[in-house]
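Reader: I am new to this kind of picture and would like some help reading it. Could we go through it together, feature by feature?

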Amino acid sequence: SVAVSVLQENHPTVGFVGGGLGLLMAIEIVKNRKTKERYPGGFNSQFTKRFNELVRASGLAIRAGATIVLSPPLTITPQIVDDMIDILDTSLTQMEKEFPPA
């Protein structure tokens, strides 16, 4: 998706963006895009807990970790997609301040 690829362009913590069937999308979160090093700790890490907290506080219910999987219904509107991308964009910006990428 063009909208999701904007996240990769704007954020060094977004390693890979891949699409699947329909609107299924995977966004890889990395500490270092070149080496693909991940933030340590997996789903129990401070990074993951804080990122989920930021995203959910903005109204987007996802389970983020080393990968964010988006699977919205095919009936989703372009406005809601834009809202989702804006929330992820804002949250990633804050995370990169709190947990600087390598």
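Author: Gladly! Keep in mind that this is a predicted model. Let us begin with one residue at the end of a helix: at 33% relative accessibility, E98 counts as partly exposed, because that class lies between 20% and 50%.

Reader: Which residue does the side chain of E98 meet in a salt bridge?

Author: The general idea is that side chains of opposite charge can pair when their charged atoms come close. Here the partner of E98 is R50, with 2.8 Å from N to O. This pair links distant parts of the chain: R50 sits in helix α2, E98 in helix α3, and their positions lie 48 residues apart in the numbering. R50 is partly exposed, with a relative accessible area of 23%.

Reader: How many salt bridges does the structure hold?

Author: There are four. Two others to look at involve E28, a residue of strand β2, which covers residues 25-29.

Reader: Is E28 buried or exposed?

Author: The way to decide is to compare the relative accessibility with a cut-off. E28 has 13%, and buried means under 20%, so E28 counts as buried.

Reader: And which side chains meet that of E28 in salt bridges?

Author: One is K36, at 3.2 Å from N to O. The other is R38, at 3.5 Å from N to O. The R38 pair joins distant parts of the chain, with R38 in the loop between β2 and α2, E28 in strand β2, and 10 residues separating them. Taken together, E28, K36 and R38 form a linked network of salt bridges.

Reader: Are K36 and R38 buried or exposed?

Author: Neither word fits, because both fall in the class in between: K36 is partly exposed at 38% relative accessibility, and R38 is partly exposed at 39%.

Reader: What else is E28 in contact with, leaving aside its neighbours within four places in sequence?

Author: A contact list tells you what surrounds a residue. For E28 it includes T13, V14, G15 and F16, as well as A66 and T67. K36 and R38 are on that list too.

Reader: Let us turn to helix α3. How do I judge whether its length makes sense?

Author: Work out the expected span, then compare it with the distance between the ends. At 1.5 Å a residue, the 21 residues of α3 should span 30 Å, and its end C-alpha atoms are 30 Å apart, so the two agree.

Reader: Which residues of α3 are buried?

Author: They are M84, I85, I87, L88, S91, L92, M95 and E96. Now look down the axis of α3: the buried residues fall within an arc of 160 degrees, so they line one face of the helix. On the other side of α3, P78, T90 and K97 are exposed.

Reader: Where does I80 fit in?

Author: I80 also lies in helix α3. Its relative accessibility is 42%, so I80 counts as partly exposed. The C-alpha atoms of I80 and G59 are separated by 11 Å, while the two residues are 21 residues apart along the chain.

Reader: Which residues touch the most other members of the largest nonpolar core?

Author: To read a core, look for the residues that touch many of its members. This core has 24 residues, and those touching the most other members are L7, I27, F51, I62, I68, L70 and L88. At least two residues come from each of α1, β1, β2, α2, β3 and α3. The largest share, six residues, is supplied by α3.

Reader: Could you show me one of those core residues in its surroundings?

Author: Take L70. Beyond its neighbours within four places in sequence, L70 is in contact with L23, L24, M25, I27, I62, M84 and L88.

Reader: One last stop, please: where does T48 lie, and is T48 buried or exposed?

Author: T48 lies in helix α2. Its relative accessibility is 5%, so T48 counts as buried. Apart from neighbours within four places in sequence, T48 is in contact with G42, F43, A64 and G65. From T48 to I68 it is 11 Å in space, C-alpha to C-alpha, and 20 residues in sequence.

How values were computed. Residues numbered from 1 in each chain as written. Predicted model: local features only at pLDDT ≥ 70, side-chain atom pairs only at ≥ 80, totals over all residues. Heavy atoms only, no water. Helix = DSSP H or I, 4+ residues; strand = E, 2+ residues; numbered from the N terminus. Buried < 20%, exposed > 50% of the residue type's maximum accessible area, 1.4 Å probe, protein only. Contact = heavy atoms within 4.5 Å. Expected span 1.5 Å × (residues − 1). Arc of directions from axis to C-beta. Core = buried A, V, L, I, M, F, W, Y, C linked by side-chain atoms within 4.5 Å.
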